[in-house]
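The following exercises concern the structure shown below. Each task is followed by a solution that proceeds step by step.

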Amino acid sequence: MDSDSGIDIGFKEHHPDEKSLVCADILKITYDLGTQIFRGTLKAAAPDGDDAIVVPALIHRDICRHVMATAILARSGFAEPCDITVRALYESCVSLIYMLDGDTEKKAASYRVMDALDGIKLAKKLSPFTSEGKDLRRRLE
């Protein structure tokens, strides 16, 4: 219970068990191997920037990030939040499998287009010169 507000926020002290520590170590090894693969893939794609190589590598980078996040949570003994990171890890793996399952060039190009469109949408939302940006500033004030 927070002594200032009188509100119980429900945090429990966590102590990782041996299984959590072993899991965290395995995930850390997986992360290290994954970053080696990521680095090698980017070196292979560097000369021409081939989207069919770069885009799957970027999805692979997301997989590495989710693995590391899960390892950190497991090492700290936080099992419940691992559900979220493992779900994100699963979704990234499915995305990578889809990307590599034939016609990778077209899928990678689509991925790049969607990423650019998302960037344009975000820029419009944040720009002080658009109605969306002005409305956002008004709401934030």
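**Exercise 1.** Is Cys 82 buried or exposed?

Solution. The model is a predicted one, in which local features need pLDDT of at least 70, side-chain atom pairs count only at pLDDT 80 or more, and totals for chains, interfaces and linings use all residues. Residues are numbered from 1 along each chain as its sequence is written, and side-chain values use heavy atoms, with hydrogens and water left out.

Step 1. Buried means under 20% relative accessible area, exposed means over 50%, and partly exposed lies in between (1.4 Å probe, protein chains only).

Step 2. Cys 82 has a relative accessible area of 10%, and therefore counts as buried.

**Exercise 2.** Determine how many disulfides the structure holds, and examine Cys 82 and Cys 64.

Step 1. In general terms, a disulfide is a covalent bond between the sulfur atoms of two cysteines. The criterion applied is a pair of cysteine sulfur atoms within 2.5 Å.

Step 2. The structure holds 0 disulfides. For Cys 64, which is in no disulfide, the nearest cysteine sulfur is that of Cys 93, 9.7 Å away.

Step 3. The closest cysteine sulfur to that of Cys 82 belongs to Cys 23; the separation of 6.9 Å is too far for a bond.

Step 4. Cys 64 is also buried, at a relative accessible area of 6%.

**Exercise 3.** Describe the salt bridge between Asp 51 and Arg 112, and state where the two residues lie.

Step 1. A salt bridge requires a side-chain nitrogen of Lys or Arg within 4 Å of a carboxyl oxygen of Asp or Glu. The whole structure contains 7 salt bridges.

Step 2. In one of them, the side chains of Asp 51 and Arg 112 meet at 3.0 Å, N to O. This pair links distant parts of the chain, since Asp 51 is in helix 2 and Arg 112 in helix 4 (residues 104-126), 61 residues apart. Helices are DSSP runs (H or I, at least four residues), numbered from the N terminus.

Step 3. Both partners are partly exposed: Asp 51 has a relative accessible area of 26%, and Arg 112 has one of 33%.

**Exercise 4.** Explain why Asp 62 and Arg 65 are separated by about one helical turn, and carry out the same analysis for Arg 139 and Asp 135.

Step 1. Asp 62 and Arg 65 form a salt bridge of 4.0 Å, N to O. The two residues are 3 apart in helix 2, so about one helical turn separates them.

Step 2. Asp 62 is partly exposed at 23% relative accessibility, and Arg 65 is partly exposed at 49%.

Step 3. Arg 139 and Asp 135 form a salt bridge whose closest N and O atoms are 3.5 Å apart. Because these residues are 4 apart in helix 5 (residues 131-140), about one helical turn lies between them.

Step 4. Salt bridges with shared partners join Asp 135, Arg 138 and Arg 139 into one network.

**Exercise 5.** Where does Asp 103 lie, and what is its phi?

Step 1. Asp 103 is placed in the loop between helix 3 (79-100) and helix 4.

Step 2. Most residues other than glycine have a negative phi. Asp 103 has a positive phi of about 55 degrees, although it is not a glycine.

Step 3. At 42% relative accessibility, Asp 103 is partly exposed.
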